[in-house]
Amino acid sequence: MKTKTFWVILIKILGLSILFSSLTVIPQFFSTLYSTLQNGNNYTEISFFLILILFIYLLILRLFVLKPEWIIDKLRLEKNIEERIDLNIKASTILNISIAVIGGVMLAGSIPMLCETLFEFFRQSSLFIDFENSKWIVAYFLKSLIGYLLFTNSKTVTKLIFKQADEID
């Protein structure tokens, strides 16, 4: 395996990790934006910064997942490294395993939070609409579902990532 291939795999894994961590960041983003619009205090400034942060986040995701070669070139990660890494594993296999592990970690992290929030909901015996953490029940459920789907369909996601990267080049 060439060193450039190693860096591409590592950067894509980091990008996927950032992407899947966004499943808890994005609901917080919209919650903050909604509460800012409700209060009316400096909503243009705060909205601008929130949208700027979201734009930067999406740009980082695009570079890490779809254009890791650009990062390698700009950071000169393979400069002065002539050695080959002796692994007889294809890049798609490593990415496949990484996606399955990320999905498993997402599932393992979100199931307890979902159960805790559901327990709190049933203990209060209120309607779902009236429950103040109802948005977190939905977010944790979606994160659990996506983690499960990543864990079970990692080959499909790997093929999609490599196909998208080939279409952009």
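# Six helices and a pocket

Helices α1 (3–39), α2 (43–66) and α6 (154–168) each contribute two or more residues, that is at least two, to the lining of the largest pocket. (Helices here are DSSP runs of H or I with at least four residues, strands are E runs of at least two, and both are numbered from the N terminus.) What you're looking at is a predicted model, where local features need pLDDT of at least 70 and side-chain atom pairs count only at pLDDT 80 or more, while totals for chains, interfaces and linings use all residues. Residues are numbered from 1 along each chain as its sequence is written, and side-chain values use heavy atoms, leaving out hydrogens and water.

**The pocket**

Back to that pocket: its volume is about 230 Å³. (A pocket is an open set of points on a 1 Å grid over the protein atoms alone, where a 1.4 Å probe fits and protein lies on both sides within 12 Å along at least five of seven lines; lining residues have an atom within 4 Å of a point. Points are joined across faces, edges and corners, and the volume is the space filled by probe spheres set on them.) There are 13 lining residues, and L16, L19, V65, L66 and I161 sit nearest the centre. Helix α2 gives the largest share of the lining, with five residues. Sorted by class, eleven of the lining residues are nonpolar, one is polar and one is charged. (Nonpolar covers Ala, Val, Leu, Ile, Met, Phe, Trp, Tyr, Cys and Pro; charged covers Asp, Glu, Lys and Arg; the others, Gly among them, are polar.)

L16 belongs to helix α1. Its C-alpha lies 9.0 Å from that of S98, though the two are 82 residues apart in sequence.

**The overall build**

Zoom out and the chain has six helices and zero strands. It's also fairly spread out: the radius of gyration is 20 Å, well over the 15 Å the globule rule gives for 169 residues, so the chain is more spread out than a compact globule. (The radius is taken over C-alpha atoms, and the rule is 2.2 Å times the number of residues to the power 0.38.) Along the principal axes, the C-alpha atoms fill a box of roughly 60 × 40 × 25 Å.

Helix α4 (residues 91–124) has 34 residues and spans 49 Å from first C-alpha to last, close to the expected 50 Å at 1.5 Å a residue (1.5 Å times one less than the number of residues). Right after α4 comes S125, with a positive phi near 45°. R76, in the loop between α3 (68–75) and α4, has a positive phi too, near 55°. Most residues other than glycine have a negative phi.

**Aromatic pairs**

The structure has five aromatic pairs. (Rings of Phe, Tyr and Trp, the last by its six-membered ring, pair if their centres lie within 6.5 Å; planes under 30 degrees apart are stacked, over 60 edge-to-face and the rest tilted.) F6 and W7 are edge-to-face because their ring centres are 5.4 Å apart and their planes stand at 65°. F121 and F122 make a tilted pair, with 5.2 Å between centres and 55° between planes. Ring pairs also join F121, F122 and F131 into a cluster.

**Buried or exposed**

Of the chain's 169 residues, 30% are buried. (Buried is under 20% relative accessible area, exposed over 50%, partly exposed in between, with a 1.4 Å probe and protein chains only.) Here's how some residues fare:

| Residue | Relative accessible area and class |
|---|---|
| L16 | 3%, buried |
| F121 | 12%, buried |
| W7 | 22%, partly exposed |
| F6 | 33%, partly exposed |
| R76 | 57%, exposed |
| F122 | 60%, exposed |
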